[in-house]
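Colleague: I should like to go through the helix packing, the enclosed space and the backbone geometry of this protein. Please reason through each point before giving the value.

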Amino acid sequence: MTTALPVLFVGLEPDAAQRVLAELHSAGLSPTVSQAQNQDEFLAALEAAPRLIICRLGKTAWGASEVLRLMADKGLSMPIFVVAKQAKAAEAASCLRSGAWDFWEDADFSGLAEAANEALQESADSLYNLPTAQENYRALIETMNEGVMAADRDTRITFVNPALCRLLGYTFEELMGRELWELIAPADLEMVRAQLARRRLGESSTYETNFITKQGETLRTRISAVPLLDEQGKFVGSNAIITDLSDLHRAEAGLRKAAEEWRHSFDSIDEMMMITDRDYKIRRCNRTLADQMGVPIRQVLGKTCYELVHGTAEPPVYCPHQRVITSGEPEECEVFESHLNRSVQISIAPIKNKKEEVSGTVHIVRDVTEKRAQEKETLRLSQALVESFQATTLALTSMVESRDPYTSGHTQGVAELCEKVGHTIGMSEDDIQGIIACALLHDIGKGAIPLDILNKPGELTFHEMGIIKEHPTTAYHILQGISFPWPVAEVVWQHHERLDGSGYPRNLKHDAMHPWSNILAVCDVVEAMTSHRPYRPARTMQEAFNVLKEGAGNKFEVRVVAAAIRALGLDNRRLMVVDDDPGVLQVLTTYLEREGLQVKSFSDPAAAVEEFQSDPTPVVLTDLKMPGISGLEVLKTVKDHSPESEVIVITGHGDKASVVSAMRMGASDFLEKPVKMSELADAVERARRRFGGGVQVGDAIKAACETAWRLRVTPKEASQWIVPVSTSAAEQ
């Protein structure tokens, strides 16, 4: 009497399977065989509730190790025999520890049937039995997310799980006994019949097909089917796992669409773009790059970016790719590529992975050749336009000045001073050109004033002054119709206005005035005061300086006054002399005033310090040896309160130690008594130029050498006290 035994072969070759079956038959067992080559087929075969699993170790990609792991994960237990070509002790032990019942070699299957009987008996006597296994398998099948279907040899459905019912929209009762063909999309019937033919030959397969749901919709699925064979190896039916691919196909379609849109967007960008790896190799590029380079995309891919763009065998020194790889920060450069005969702007940004590591770069290459040429042409035209405006302005100015020889050159002088002030306060070049144009045209309205009034040597009447005050308005009406690139008409109209509203012709105040009109007003006052007029001689620069200082903050902007004084060198004409000897003080003061300097003299050093703190002067001359407060204390106070002020110390013969101390404290020069006037003049001039920022390297070296000779020290030591002179400058 034979005993029916459902057996599942996993990865077993036909020859080995036949020998195993012969061994089982010899022991009175009647095996019913199903086969599986992968996980889906294995799970489908479990639905038939096999009592014995025989699987191959190390032969296929899916075999004994995977079977043992899956059974353990699912909490299932049944006799599992592992078959190997050559048994290794370590492999056998590993399989047995993982749940295998026994381990066999291909060379000899004798005793396998006896071991099978023992295993079956022992498993029957244990907690595990066939009904329990079937119940476990059924629970597994019914809780699977994939659909499971069993069909007989005539393709009538004999089992479906709840997941398949949900997928197709039918109840369990509606599907049981139904023909498989009724559920398959007509276009796939021929293909499914071919797959069934393979099953009848004992072959498993996996394929895709379309089911028709109860609602009439098409459902794309993947089927993993295994044949069911009786003990004689005849086909009796099949089991299948059915996976819904709708979401997968929708995702794939979405990815394809996204990729297509990305490629379309990538190719539609006008700028050349490419994606490179860390080794400069181009992995992707857009159509613009290929077209600009004149090569097909397939010939671009795989090339290095420097070979394509720069035409070099290695990266050029200016290429920022490696710096971007190292720093992870984007960079940009612009170069003329002789290889392409183009100017290109290259922007490179890093591509980072999830670990924030730079895996490659994105290059954007912009052809800026035409843009730079246009910019150059625009600049040329702008310069030509400026020159044209300047020529027109000078012509108009000359026409007005030709009527009045006394004011000839006045506008040019105002323009030059406006330019200096503009640079001093940091105006842009375009604004400076604008203020120059305003200065050249500011008196164009005087062309309408009668010459007998304009050149009247005596005092003007009220009526005549009224006519004079109309010239800014006349100028405005003349200029407002000219399309200057600057507000020339408005600024000229305001050049006699004052911050406090005391100006003319409209009595404007600070907030209503254009900033340029403040500059023009200051420069016009200085130039007019220091020029000769029929009704008065030219005033001195000191008088102009005093007018500006008095008007700063109420009539004129403080910063404009400061800039004008600095530009004209007016401020550094002031100096302070401190000496307790009245005779020496008188001689020094008299000489310096004859040189055109404004001198404050003090025989009391304490009074000098107090005055300096309230009104610092650019230059201070002080004796070193004085009662009460020494010259060193005066020097320290000056440097603490006004570090930029220059201090010249005067000492008696042989007092080298005091002079050295003074130099180290910041004195710029020293003179020995009796003071030679020529040396005094040179020292003061150097100090004034130093204060005004005009000292030259040659002057500094000369001063250092003179001081070194007088103090008997090296020029290098002296240069450290007098002015900062770099080694390279001294060497030159």
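**Helix packing, cavities and backbone**

Modeller: Helix 22 and helix 24 (residues 558-568) have axes that come within 10 Å of each other and cross at roughly 45°. The model is a predicted one.

Colleague: Is helix 22 roughly parallel or oblique to helix 24?

Modeller: The axes of helix 22 and helix 24 cross at roughly 45°. Angles under 35 degrees would count as roughly parallel, and 65 to 115 as roughly perpendicular. The crossing angle therefore makes helix 22, relative to helix 24, oblique.

Colleague: In which hand does helix 22 pass helix 24, and how many residues of their contact are nonpolar?

Modeller: The crossing of helix 22 over helix 24 is right-handed. Helix 22 contributes Asn518, Ile519, Val522 and Val526, which meet Val560, Val561, Ala564 and Leu568 of helix 24. By class, this contact of helix 22 with helix 24 has no charged residues and one polar residue, and the number of nonpolar residues is seven.

Colleague: How is helix 25 oriented relative to helix 29?

Modeller: Helix 25 (residues 582-594) packs on helix 29 (residues 677-691) with the axes 11 Å apart and at an angle of about 60°. This angle makes the orientation of helix 25 to helix 29 oblique.

Colleague: How many residues in the contact of helix 25 with helix 29 are nonpolar?

Modeller: Helix 25 passes helix 29 in a right-handed crossing. Val587, Leu588, Tyr591 and Leu592 of helix 25 meet Met677, Leu680, Ala681 and Val684 of helix 29. No polar and no charged residues occur in this contact, and the nonpolar residues number eight.

Colleague: Is helix 27 oblique or roughly parallel to helix 28?

Modeller: The axes of helix 27 (residues 631-641) and helix 28 (residues 656-665) come within 10 Å and cross at roughly 5°. The cut-off for this class is an angle under 35 degrees. Helix 27 is therefore, with respect to helix 28, roughly parallel.

Colleague: How many charged residues does the contact of helix 27 with helix 28 have?

Modeller: Helix 27 makes the contact through Leu632, Leu635, Lys636 and Lys639, and helix 28 through Ser658, Ser661, Ala662 and Met665. The contact of helix 27 with helix 28 divides into four nonpolar residues and two polar ones, while the charged residues number two.

Colleague: Which residues lie closest to the centre of the largest cavity?

Modeller: The search of the whole structure finds five cavities of 30 Å³ or more. The largest cavity holds about 190 Å³ of space. It is lined by 17 residues, and the closest to its centre are Met149, Leu180, Tyr207, Ser238 and Ala240.

Colleague: How many residues of the lining of the largest cavity are nonpolar?

Modeller: Strand 6 (147-152), helix 9 (189-200), strand 8 (205-212), strand 9 (218-229) and strand 10 (235-244) each supply at least two residues of this lining. The lining of the largest cavity includes two polar and two charged residues, and its nonpolar residues number 13.

Colleague: What is omega for the cis peptide bond between lysine 673 and proline 674?

Modeller: Proline 674 is in the loop between strand 20 (669-672) and helix 29. The cis bond joining lysine 673 to proline 674 has an omega of about -5°.

Colleague: Where is proline 505, to which tyrosine 504 is joined by a cis peptide bond?

Modeller: The peptide bond from tyrosine 504 to proline 505 is cis, with omega near 10°. Proline 505 is found in the loop between helix 21 (488-493) and helix 22 (515-529).

How values were computed: Residues are numbered from 1 along each chain as its sequence is written. This is a predicted model: local features need pLDDT of at least 70, side-chain atom pairs count only at pLDDT 80 or more; totals for chains, interfaces and linings use all residues. Side-chain values use heavy atoms; hydrogens and water are left out. On a 1 Å grid over the protein atoms alone, a cavity is a set of points where a 1.4 Å probe fits but cannot get out, and a pocket is an open set with protein on both sides within 12 Å along at least five of seven lines; lining residues have an atom within 4 Å of a point. Grid points are joined across faces, edges and corners, and a volume is the space filled by probe spheres set on the points. Helices (H or I, at least four residues) and strands (E, at least two) are DSSP runs, numbered from the N terminus. Ala, Val, Leu, Ile, Met, Phe, Trp, Tyr, Cys and Pro count as nonpolar, Asp, Glu, Lys and Arg as charged, and the others, Gly among them, as polar. Axes are lines fitted to C-alpha atoms, for helices over the stretch in contact, and angles run from 0 to 180 degrees between N-to-C directions. Angles under 35 degrees count as roughly parallel, over 145 as roughly antiparallel, 65 to 115 as roughly perpendicular and the rest as oblique. A crossing is left-handed if the near helix is turned anticlockwise from the far one by less than a right angle, and right-handed if clockwise. Contact means heavy atoms within 4.5 Å.
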